[in-house]
Amino acid sequence: MSLGKLIERLLQLVPVLLGVSLIVFVMMALTPGDPVQIMIGDQNITPEQEAELRRGLGLDRPIVERFFVFLGNALQGDFGQSFYHRRPVADVISERLPATIELSLVALIVALVTAIPLGVLAAIRKNSIFDKLATVGSLLGVSLPGFWFGILLIMLFAVQWHILPVSGRIGYSSEIETITGFLLIDTLLRGNLPAFWDAFKHIILPAVTLGLPMTAILMRVTRTSMLEVLRQDYVTFADAKGLSRRRVLFRHALKNALIPTVSVAAIETGSLLGGNMIVETVFGWPGLGRLVVESIFLRNYPLVQAAVLLYAVIYVLLNFFADILYTVLNPRVKL
Amino acid sequence: MTTLQRLLLASAMAIGPVATGAHAADLVVGFTLDADTLDPANHRKRETETIIRNLYDGLLTRDANMVVVPEIAESMTQVSPTVYDFKIRAGIKFHDGSLMTAEDVKFTLDRVTVEGAMEGQTSPRASLMGPVASVEVVGGDTVRITLKEPWPILPAMLPNQQIVSKAFVEANGSQGIATSENGTGPFRLVEWRKGESVILERFADYYGGATDIAPVGPACVDRVIFKIIPESASRVAALLAGDVHIINELPAFSMAQVNANAGTHVMTVNGTRSFFVAMNLEGEYFDDPRVRQAAAHAIDKNLLIDKILGGNAAPIDGILSPDAFGASELPSYGYDPEMAKKLLADAGFPNGIDIVMDTEGAFKDTAEAIASLLTKVGIRTTVAVGESAQLTAKWRVQGKAPKTGDMYFSSWGNGSLDPFDIFTPTHRTNDRGNSAGYANPAVDALLDAAATELDVAKRAGMYREAELLINADLPYLYLWVPQDIYGVSDRVTGWQPSADSRINLHDACLK
């Protein structure tokens, strides 16, 4: 891809982000619920004290003015103060974002590592018992609610067998010195293997829970595209040449069969970020998804606005990345 | 050894507890929500205060029975109806080793009460301090709070404010104190892993805490960890797995499981939150007192408490909890479906009425049980589940905005157990929590007078009189005050749940 194309794609981000800002701002403002009333909760308060609280949050100003102030500040990288944390929103989000990304990436790896072999196996043993089991399994994988599956894993692995921890990202006794914010990487970089192992044990159940629906989808995609590729003439030809079955499958067929799998995986990674909300709640994972949902309920406008913008950027970039991957894997396609 | 080899070795050692630096007595609390901030003056959440309360002490505190006792203050004297003196104990140290003085107390209270005192911002906790006119240091070791008008609940509200170090806040600013601390409490902050855990350790130089609450002295456990587990099923699992020692907000349906499990048990304490159904007096049906009485007679409170709340609630016939100041025995509208049908017919609805009851998702089951009882007598009730913020905007409107809707199943918390904080907002004409749209000048006059009445007996009498008036008018169906339910490991000793839902761990030990 040329540099010009790259810049063009990046420039496309600008109208997307402006549109998202406007939509989020208007939607939050139109949704019933007054942040000040929610904050006061069950307390007696004088109208003057309530007005002062409203002024302090900047909610006494007209909505149009608030939008342009938000936009002006956002352009300078200032997303305002979280109503509840009373600190810059950017700080609060950046504390929670690495946990979400780390969990999503591990879930993605779990999904790829299990889905591709299973999908290939289901394709080459089409209509076998294994294939049928895989079909039922993938149906279950997509339809099992993450909440239920997560609790089931906790009851088995933590409560019954005491193999894995119930919740959190790392044990409180493990020392953490962050470098990248990704604990699995940081603990390795510091050479702190017990802490790495601790973090690894903590991420298994949430990553499996989060990755399950994606595993199911990717397995189906791999199976279908593998079946399609196996019907191609060049595969028949390779077989006819007398190449070993293994060589035909892995050198000739799989490479092409993986193209749809990879692009679906890249796009689905965006939905992993969204799916995080439930998994983060069940496993007490200190990520952004949980924080954003809590903030929506509390009408913590600045935090929700900034987080949704961030999600939009990530989605756009992931789509962009999927496009690039596609051209790499399939040189016939040009962006 | 390469990193990979070490990694493999570690993997081989695999399944075993990771105990790098684990202390002998680490008490872990599985807790619903993380703190928003560690700044005692800059938040509005009970959960945040629970965590902060283990780092910071207040002028006054409450014991497990909600009795207000001196903590940092040695004594409290009411000089006049509007002037209170607090003599400050000598020798109390902040966590950085500096001595706490009356100046720190004045600084703390000014920071909360003076407009714009927090770097131009006003504390969101200002309203919890009432009509404070000034805070002065008198004679070196005494802090004098002067009020604009009498406000008898000042002592009951002071435990909500924790004393900060003036020097620390001036050096670190509001942003600094939001994520670090320098309190005088029994524990000091080791690390705050945001969204995951707050790790505290015992402060060896602790002055001992309130002299009226034994034991006095440094905390018993080495460390306290608030581990944030928002999902209740996961909190229960963490307790059963032995990962945590205390969990809050144990669902009633999990009580049997926790009690049956070896090594854990359930502890309860009377809560402070009153549950009720607001009937819209400005609406189509409930402007007629006979319809309201019919609804009251339709509800079998004891059945609901037994079946849905596992017996863990106290029925109420007015807004006040039986433990609140001024609470008294009131006439009860007993369960009498025939009487309910008759009252409904007398009101001109022999064929019944169709209404909608709003509630939050968390209370859907209970609301549906109430609805089925109402439906049985002809008040055919549909439950509409809404989101809390949206329902607040609909049902809790200050001023004269017309309300829509028929019924609202909701609750109001009363952490101070003083009627001022629950009776006034829910029953005074046009007040912000008056979801029923109730307006009775006689009740307003009593509530206003009681708010500033210093004679305890007279004040209690006024609330009694107001309770009798609302009991007759019946703007709400008063239901119950549930207990707070905790799951606790058998290893924990010395700890008692507190009615204000705070979890103070100074006295807790692990065996």
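Here is a friendly chat about a predicted model and some of its helices, strands and contacts.

Visitor: In what order do the four strands of the open sheet in chain B stand?
Guide: Let's start with the edges. β4 (73-80) and β6 (132-138) of chain B each have a single partner strand, so one side of each is left without a neighbour in the sheet. The pairing is antiparallel, and the order is β4-β5-β7-β6.

Visitor: What is the average twist from one strand to the next in the sheet with the order β4-β5-β7-β6?
Guide: Picture the open sheet of four strands in chain B. From one strand to the next, the twist averages 20°.

Visitor: Which residue stands opposite Lys87(B) in β7(B)?
Guide: Look at β5 (residues 83-88) and β7 (residues 142-147) of chain B, which run antiparallel and are joined by five bridges. Strands of a sheet pair through backbone hydrogen bonds. Opposite Lys87(B), in β7(B), stands Thr142(B).

Visitor: Which helix packs on this sheet of chain B?
Guide: The helix touches β5, β6 and β7 of chain B. Its direction makes about 170° with that of β6(B). Running over residues 102-113 of chain B, this is helix α3.

Visitor: Is strand β17 of chain B mostly covered or mostly open, and how many of its six residues are buried?
Guide: A residue counts as buried if 20 or more other C-beta atoms lie within 10 Å of its own. By that test, β17 (residues 407-412) of chain B is mostly covered. The number of buried residues in β17(B) is five.

Visitor: Which residue of β17(B) is the bridge partner of Met279(B)?
Guide: β13 (residues 274-279) of chain B runs antiparallel to β17(B), and six bridges join them. β15 (residues 353-360) of chain B pairs with β17(B) in the parallel sense over two bridges, and there Met357(B) stands opposite Met407(B). The bridge partner of Met279(B) in β17(B) is also Met407(B).

Visitor: Which element of chain B gives the most residues to the side that touches chain A?
Guide: In this contact, 58 residues of chain B meet 56 residues of chain A. The side of chain B divides into 25 nonpolar, 18 polar and 15 charged residues. Elements that give two or more residues include α1 (3-13), β9 (197-202) and α12 (388-395) of chain B. With six residues, the one that gives the most is α12(B).

Visitor: How are helices α5 and α6 of chain A oriented to each other?
Guide: The axes of α5 (residues 89-124) and α6 (residues 129-143) of chain A come within 8 Å and cross at roughly 135°. The crossing is left-handed. An angle over 145 degrees would count as roughly antiparallel. α5(A) and α6(A) are therefore oblique.

Visitor: How many charged residues are in the contact of α5(A) with α6(A)?
Guide: From α5(A) come Leu118(A), Leu121(A) and Ala122(A), which meet Phe130(A), Asp131(A) and Ala134(A) in α6(A). By class, five residues are nonpolar and no residue is polar. The number of charged residues is one.

Visitor: Is His252(A) buried, exposed or partly exposed?
Guide: You can find His252(A) in helix α11 (residues 245-282) of chain A. Not counting residues up to four places away in sequence, it touches Tyr234(A), Val235(A) and Ala238(A). Buried needs 20 or more other C-beta atoms within 10 Å, and exposed needs 12 or fewer. His252(A) has 19, so it is partly exposed.

Note on methods. Residues numbered from 1 in each chain as written. Chains lettered and ligands numbered in written order. Predicted model: local features only at pLDDT ≥ 70, side-chain atom pairs only at ≥ 80, totals over all residues. Pairing = 2+ DSSP bridges. Axes fitted to C-alpha atoms, helices over the stretch in contact; angles between N-to-C directions. Contact = placed C-beta atoms within 7 Å. Nonpolar A, V, L, I, M, F, W, Y, C, P; charged D, E, K, R; others polar. Parallel < 35°, antiparallel > 145°, perpendicular 65-115°, else oblique. Left-handed = near helix turned anticlockwise from the far one by under 90°.
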